[in-house]
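I opened this structure to see how its interior is packed and how some of its strands and helices fit together. My entries are below.

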Protein chains: 2
Amino acid sequence: MKIIRLVPVIVVALTLPAVAQDAAGTRSTSGDFATLEAAQNAANAKAGPRTVPGRAIPVPATASPQLQASIAAPYRVPNWNANPRSAAEWKELINRLAAASAAAQIGIREKLGVTLEPTVVGGVKAFIVTPKEIAPENRNRLLVHVHGGGYVYNPGEAGTGEATLMAAYGGFKVISFDYRMPPDHPYPAAMDDAMAVWKAALGMQQPRNMAIFGTSTGGGMTLAMILRARQEGLPLPAAIAPGTPWSDLTETGDTYKTNELLANVLVSYSGYLSHAAKLYANGHDLKDPMISPIYGDFTGFPPAILTSGTRDLFLSLTVLTHRKLRRAGVEAELQVFEGMSHAQYNFDPYAPETKETFSEIARFFDKHLGK
Amino acid sequence: MKIIRLVPVIVVALTLPAVAQDAAGTRSTSGDFATLEAAQNAANAKAGPRTVPGRAIPVPATASPQLQASIAAPYRVPNWNANPRSAAEWKELINRLAAASAAAQIGIREKLGVTLEPTVVGGVKAFIVTPKEIAPENRNRLLVHVHGGGYVYNPGEAGTGEATLMAAYGGFKVISFDYRMPPDHPYPAAMDDAMAVWKAALGMQQPRNMAIFGTSTGGGMTLAMILRARQEGLPLPAAIAPGTPWSDLTETGDTYKTNELLANVLVSYSGYLSHAAKLYANGHDLKDPMISPIYGDFTGFPPAILTSGTRDLFLSLTVLTHRKLRRAGVEAELQVFEGMSHAQYNFDPYAPETKETFSEIARFFDKHLGK
């Protein structure tokens, strides 16, 4: 399934032993560049795939120090390349990662003045996430949060981190729900839960005063929820914020290749993503719009704000989704952060880019939601 | 000056001779990936620069066939790596490229029903670019176009291609001006000409009915024109469209590295860009906001729409400019196209992405300009 072509451009390195051996140095003579230039020109003299040499890419000084720390971080092992051989192995991994994540949430909520209350919404386990102060204009507004994690990670409180950030930086009351996931509950369980929550939310607040948001799988599900709400004749929310959405579960999009192995969160589709996609779809067509909503019709979608980063493995998915929304005539904004990999605006709760992301989403919601 | 670090990850290739030698093949066994995975995990196990292997990156099927052709095209030689040793050599190259480009414009204008009339505006050579039909809502509107080309390329009619596209797809009357450039006329000649044109335009139309737009150097100059108009107490246009703007003439921004040698238009800062930057600045500080406007204060800027692509060497410059505008409270939209390198929305006049780019800019101008 996986194709990584390691090509003869390697000879460039072999003709530059002094440079290759001086990984810590900063060789910069024009002679070095001239050699590389000639080899690259020769390797890219015909139309077709682009040949690029192996290299070390520095952490950009143009991101905040906090985001720089996220960019510099090692690959997330075992998150990115997990390939459990059994349901039991999946559960062990999922629960281990979730426990660590949930534990970390406690201090973050305290510091941000956010409270979390377990509840059940539409028969689905959920959490009411509330900021210290609900902004006056948000008193009659309600947000529904769909957590990410490739349809396998982040059950329970582990999935609530983004809801906390939205509550804290936007001043909104948020419902974050704990949808069922593989290996026990493949598609359509997660979507069934999502729709049950949306139907229950419609009994709690007017749809014109509500928005749905989420990142990665949560962004893909946000889009799929609109497709399905339309299909089921349900009212739509006033706005959505699909963050770097997993809108296509097949390996489609240029940055799956261009940012492969550079992106330190997801790293490569050939990691857990490819396994999780199959586990979730459970034999269904990966291109079913309820699974990969980019294959659906976006006509009549609510206004949307999308977020990604220049190193995001899903940058292409984000911009393809943005363009498709725009071509369908939907008001859709795009924000892309320098150097950021997948969903890293959720990583450091105190990074300027994190505050900026949720402040922009809050502004967008404020513009589009009734009061 | 140039640093390309070719690092020990090369051993990954050397341990995979079958793959390395099979450049045309599509080896995909999980064993291949497991080897790569292990090597990459080891090379990226510590915080710091990211190590990526050499590889061949396919042309994405997610772009239109026309854009795919632009993405697949070989490096632009000698445009990207020109390094003339004298003013005479620069002029020979510039004029040769400009002649070819100007010749190509004739058929494009005919096909798109656009006329071009040489004129002088504010003492500066310019062209009035007019569509077959000016849209009714645009009768009292006027756009000012600033061409790109790294402050050296595209004198004369060669610089008018983007104005033709804006006129054709937006239904606007456009003034495109032929500012003085190095080697004969370094900074501030280009900006002096730009401001002379803007002052003259203020006598032709109300500023609230005007916009300024341009790509690359034209995008950077668009931003610098606003800084200088504010400094000189001149009225500002109602909107701007800096396309993938050269807003920083130093090598700053993550995609200068991440997209280096992948981007087939500019390829690398170490090509002509580094030489053109010095030639233009002519001893001035490259971080002077009138040369690199990203170092200026964007407060009070007109609404802006920015365009880039996922393979653009200037993707970082574009998103950094977008974020800085937003942080200054400016209404700013971003559109990023799948797989696109620098300014490729100007390359094939008939590509869907080209029409989409200028239709979006036209919509944005229509929203913000008076009538």
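These notes go from the nonpolar cores to a strand of chain A and then to a helix of chain B.

**Entry 1, the cores.** I noted at the start that the model is predicted. I looked up the largest nonpolar core, which has 133 residues. Trp198(A) and Trp198(B) touch the most other members of this core. I then listed what Trp198(B) contacts, leaving aside its neighbours within four places in sequence. The list holds Val144(B), Met210(B), Ile212(B), Met225(B), Ala229(B), Leu234(B), Pro235(B), Leu236(B) and Pro237(B). Another core, of 32 residues, lies apart from the largest one, and Phe358(B) and Leu369(B) are among its members.

**Entry 2, strand β6(A).** Which residues of β6(A), residues 174-177, lie on each face? I found Val174(A) and Ser176(A) on one side and Ile175(A) and Phe177(A) on the other, and all are buried. I checked the partners next. Strand β4(A), residues 124-130, runs antiparallel to β6(A) and is joined to it by four bridges. Strand β5(A), residues 142-146, runs parallel to β6(A), also with four bridges. Ser176(A) has Phe127(A) opposite it, and His145(A) stands opposite Ser176(A) as well. I also recorded that β5(A), helix α6(A) (residues 161-170) and β6(A) make a right-handed β-α-β unit.

**Entry 3, helix α4(B).** I looked up the buried residues of this helix, residues 65-72, and found Leu67(B), Ser70(B), Ile71(B) and Ala72(B). What do the buried residues of α4(B) pack against? I found β1 (50-52) of chain A together with α12 (352-368) of chain B.

Key
Residues are numbered from 1 along each chain as its sequence is written. Chains are lettered from A and ligands numbered from 1 in the order in which they are written. This is a predicted model: local features need pLDDT of at least 70, side-chain atom pairs count only at pLDDT 80 or more; totals for chains, interfaces and linings use all residues. Side-chain values use heavy atoms; hydrogens and water are left out. A nonpolar core is a set of buried Ala, Val, Leu, Ile, Met, Phe, Trp, Tyr and Cys residues joined through side-chain atoms within 4.5 Å. Buried means under 20% relative accessible area, exposed over 50%, partly exposed in between (1.4 Å probe, protein chains only). Contact means heavy atoms within 4.5 Å. Two strands pair if DSSP finds at least two bridges between them. A crossover is right-handed if, with the strands pointing away from the viewer, the path from the first strand over the helix to the second runs clockwise.
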